[in-house]
Amino acid sequence: EMLRSLVGSEMCIRDSLYILHKALSQYSQWQKQYDFKLHLNLILGDMLTQGFSNLLKEELEFYGVKANNLVLEIPEPALKSNDPSIRESLKSLGRLGVKLSIKNFGGQGAGLLLIKDTAIQELKLDRVYSQNLTEETANQAIVQAADAFCQRLGITMIVDGIENKNDIETLKDLGVHRYQGMSYCPPLKEEDVSEALVKLSQ
């Protein structure tokens, strides 16, 4: 079992490094033509190790990518741990200048202490609160309250899972203008991204 865990860990690190290299290499080309931030999901264990921020700094410098143009997305369940090394790793990444985002916020136990004590700058509200948003007044109230909470802390909030125009209009009525989902842009293959960026920038 231990051997399996070690092998799995090595594979995770290798996969994460490949994703990091690939993403920064491609973004270094896109940033010459388009103004947008790169959101990146890496395997959590690698993101929250003490040495990751140093590695990331080297990669950003190598590819000529500014740290404030990179957003690292962290699943909320990972922030439930009381491990002080996680808090220190997040602070280290924050000092580097990258933007830290919590995914699935409110879905599986809030990491409120880490939001208060670290450099978290963005929350992605879990899609459980965007389902049937036009009809569910309880979800509307939660979305609006979460937005007010984020505004008070100076944190950007994004509502995940917005799939139709009616929900977009409901969000606007609630005063919320940042969202993610199929109604905005479906998942794309690498070769289709440039065309999508052109359309979104028009």
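Guide: Two strands pair if DSSP finds at least two bridges between them. Strands themselves are DSSP E runs of at least two residues, helices are H or I runs of at least four, and both are numbered from the N terminus.

Visitor: What makes strand 4 and strand 5 a pair?
Guide: They're joined by 4 bridges, and at least two are needed, so they pair. The two run parallel, and Leu125 stands opposite Val159 in strand 5.

Visitor: What kind of model is this?
Guide: It's a predicted one, where local features need pLDDT of at least 70, side-chain atom pairs count only at pLDDT 80 or more, and totals for chains, interfaces and linings use all residues. Residues are numbered from 1 along each chain as its sequence is written, and side-chain values use heavy atoms, leaving out hydrogens and water.

Visitor: Why is strand 5 called mostly covered?
Guide: Because 5 of its 5 residues are buried (under 20% relative accessible area with a 1.4 Å probe, protein chains only; exposed is over 50%, partly exposed in between). Thr156, Ile158 and Asp160 point one way, Met157 and Val159 the other.

Visitor: How do you know that helix 4 has the expected span?
Guide: The rule is 1.5 Å times one less than the number of residues. For the 13 residues 84-96 that gives 18 Å, and the end C-alpha atoms are 19 Å apart, which agrees.

Visitor: Which residues of helix 4 are buried, and why do we say they line one face?
Guide: They're Ile86, Ser89, Leu90, Ser92 and Leu93. Down the axis they fall within an arc of 160° (taken from the directions from axis to C-beta atoms), so they line one face. On the other side, Pro84 and Arg95 are exposed. Just after the helix, Gly97 takes a positive phi of about 110°.
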